[in-house]
Amino acid sequence: MADVWNMTCPPRWRRVLWPFVRVSADARGLHSRTLLRRRSLPWGDIAELRVHRKSARTPWAHKPRRVSLVLHDGRERLLPLPRSRSSDDPDFDTEVEALRALHHRYEATESSKVPAVSYRTPRRGWAGLLVLCPVLLACAAMAAGSVSETASYEQAWKSATACTAGTPATEHDECLTTVPAVISRTEDNLPKRPSWLYFTDGRPLERLDVSRDAALEFRSGDHVELTVWRGRVMKVVGKSYVWHVDVPTAGGMAVFALAACYPAAHALLSLLGRRLRDDRELPPALPFGGALVATALWLLPLCYLHPTTLFSSPVAITWLAVGSLVTLGLFAGAWHTTSASAPGAATGKSGAQENEEEFLPARFLEDTDYNPPGFGTHIVLDGGPPAVAPGPGRFAARPIPVERLTLKNVRRARSSDPVDGRWDVAELDDAGTPVRLAAEPADLARILRGLALAKTSVNTANPGQ
């Protein structure tokens, strides 16, 4: 690509507006044209080019890609072209390399590798995360604080009995009163809008907010019985259908509180990760998910067995105190795991000065004892023995038996390999069993060097094996 002096990226799809899109580059800079506007940027204003990959449901699925320009003032602009609908597109790669060659020729400030910014990298709006994280935590705290009150309400409704002639007037709100009524008409709306039952002569009330299914089941002229409790209609009983209010449960509120904590943890990691390099992936929030699941295992039985005595029964208080300490320890461990796995976290030294962990995207293509089906997405180097991890962190990582591995060959990925076509594949012998390890070329070379060094260390420490 050293002889490239200018280029044009034409659209490759035959749609109505695509013919009006053009991107071209020459010695003066980069020019883009769309139906609404034209832009030109001199090479001196462009700091680097980046490839954006969209997320995919499976690691081997195709990931659409686009190119963005990062300016020296920090702004970023997404180019309309070139773009690719898959992760294996030689034409897209050629166009990107041509743009890089031009940028190198006229502004030699580009690094040797184009950063790939994916959905797990920290380039997100930190201001929005700064608001989102406290809001989610506040919702979780409010839900947790209402567990006891919700449990009391649920227990009172379940234990309520029908009012009798001897029931004092002051206690009528706590017993069940049955009132006859006739439905005059129904109004069923879309699921996001309330549906209504209207009653003849507006007795005992003009209308009642019900589910859409209830509005479809009841008919005009139906004679029904309304069950009233604490001044609210809790149940409508007809000849063939019964509707009742969905009473919130203590367990449901506890699950909501725990569920709100997971996106809050993810937002917090994204907020703290904004100081990382733009092409480094954030550590997964999976450790926090494990802590939340463990919390649910002791919190839900507690809410079920002691719904109204969470803060009065000695057994419930002891249970709550011990469980809270366990949860606190799990969250502290999750925080330590994710903060320690963040590249460059809690370190003020360069990589040459400190043996810092690296988490390189890579995959063993065969299922092994250290790489169960669908497990490994990263290889961990330095800071400990090489390991296979389900994300950029040592949480649940499994050590690689380097003493069993022998390198046989390194080649480009083929169409039969379920990986990105730009990756390289190392063919290894695992104690007589062939296995394949795939990663980007530079990352794969780094991984193979790390595995070789680790194998040498193991053989030196155990010369008899």
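With which side chain does the side chain of Arg65 make a polar contact? In this predicted model, the partner is the side chain of Asp93, and the polar contact between the two side chains spans 3.0 Å. The description below begins with the protein as a whole, returns to Arg65 and its strand, and then turns to two sheets and a nonpolar core.

The secondary structure of the protein comprises 8 helices and 21 strands. Of its 465 residues, 40% are buried, and the surface that the protein exposes amounts to about 25700 Å², of which carbon and sulfur atoms supply 57%. When contacts between residues at least 6 apart in sequence are considered, 52% of them join residues that are at least 24 apart.

Arg65 belongs to strand E6, which covers residues 65-71. Is this arginine buried or exposed? Its relative accessibility is 1%, and because buried means under 20% relative accessible area, Arg65 counts as buried. The surroundings of Arg65 can be read from its contacts: with neighbours within four places in sequence left aside, Arg65 is in contact with Val51, His52, Arg53, Arg83, Ser84, Ser86, Ser87, Asp88, Asp89, Phe92, Asp93 and Arg422. One of these residues, Arg53, is 12 residues away from Arg65 in sequence, yet the C-alpha atoms of Arg65 and Arg53 are 4.7 Å apart in space. Asp93, the partner in the polar contact with Arg65, lies within helix H1, which covers residues 90-106.

The strand that holds Arg65 shows a similar picture of burial, since 6 of the 7 residues of E6 are buried, so that E6 is largely enclosed by the rest of the structure. E6 is paired with strand E5 (residues 46-53) in the antiparallel sense over 7 bridges, and in this pairing Arg50 stands opposite Ser68 of E6. E6 is also joined to strand E7 (residues 76-84) by 5 bridges, and these two strands likewise run antiparallel; here Arg66 stands opposite Arg83 of E7. In general, the side chains of a regular strand alternate between the two faces of the sheet.

An open sheet of 4 strands, with antiparallel pairing, follows the order E1-E2-E3-E4. Its edge strands are E1 (7-9) and E4 (38-41), each of which pairs on one side only, and the twist from one strand to the next averages 15°. Within this sheet, strand E3 (residues 29-33) pairs with E4 in the antiparallel sense over 4 bridges, and Arg33 stands opposite Arg38 in E4. Helix H1 packs on this sheet, where it touches E1, strand E2 (22-26) and E3, and the direction of H1 makes about 140° with that of E1.

A further open sheet consists of 6 strands in the order E11-E10-E9-E12-E13-E14, again with antiparallel pairing. The edge strands in this case are E11 and E14 (242-244), each pairing on one side only, and neighbouring strands are turned by 40° against each other on average when direction is ignored. E10 and E11 pair in the antiparallel sense over 4 bridges, with Val210 in E11 as the bridge partner of Ser195.

The largest nonpolar core of the protein has 22 residues, and those with the most contacts inside it are Phe199, Phe218, Val224, Val236 and Trp243. Several elements each supply at least two residues of this core, namely helix H3 (147-159), strand E9 (177-187), strand E10 (195-199), strand E11 (207-210), helix H4 (212-217), strand E12 (223-229) and strand E13 (232-237). E12 gives the most to the core, with 4 residues. The contacts of Phe218 illustrate how such a residue is surrounded: when residues up to four places away in sequence are not counted, Phe218 touches Ile183, Thr186, Leu197, Val224, Val236, Gly238, Tyr241 and Trp243.

Terms used: Residues numbered from 1 in each chain as written. Predicted model: local features only at pLDDT ≥ 70, side-chain atom pairs only at ≥ 80, totals over all residues. Heavy atoms only, no water. Buried < 20%, exposed > 50% of the residue type's maximum accessible area, 1.4 Å probe, protein only. Contact = heavy atoms within 4.5 Å. Areas by Shrake-Rupley, 256 points an atom, 1.4 Å probe, with all protein chains shown as cover. Polar contact = N/O pair within 3.5 Å; in protein donor to acceptor, adjacent residues only side chain to side chain. Pairing = 2+ DSSP bridges. Core = buried A, V, L, I, M, F, W, Y, C linked by side-chain atoms within 4.5 Å. Axes fitted to C-alpha atoms, helices over the stretch in contact; angles between N-to-C directions.
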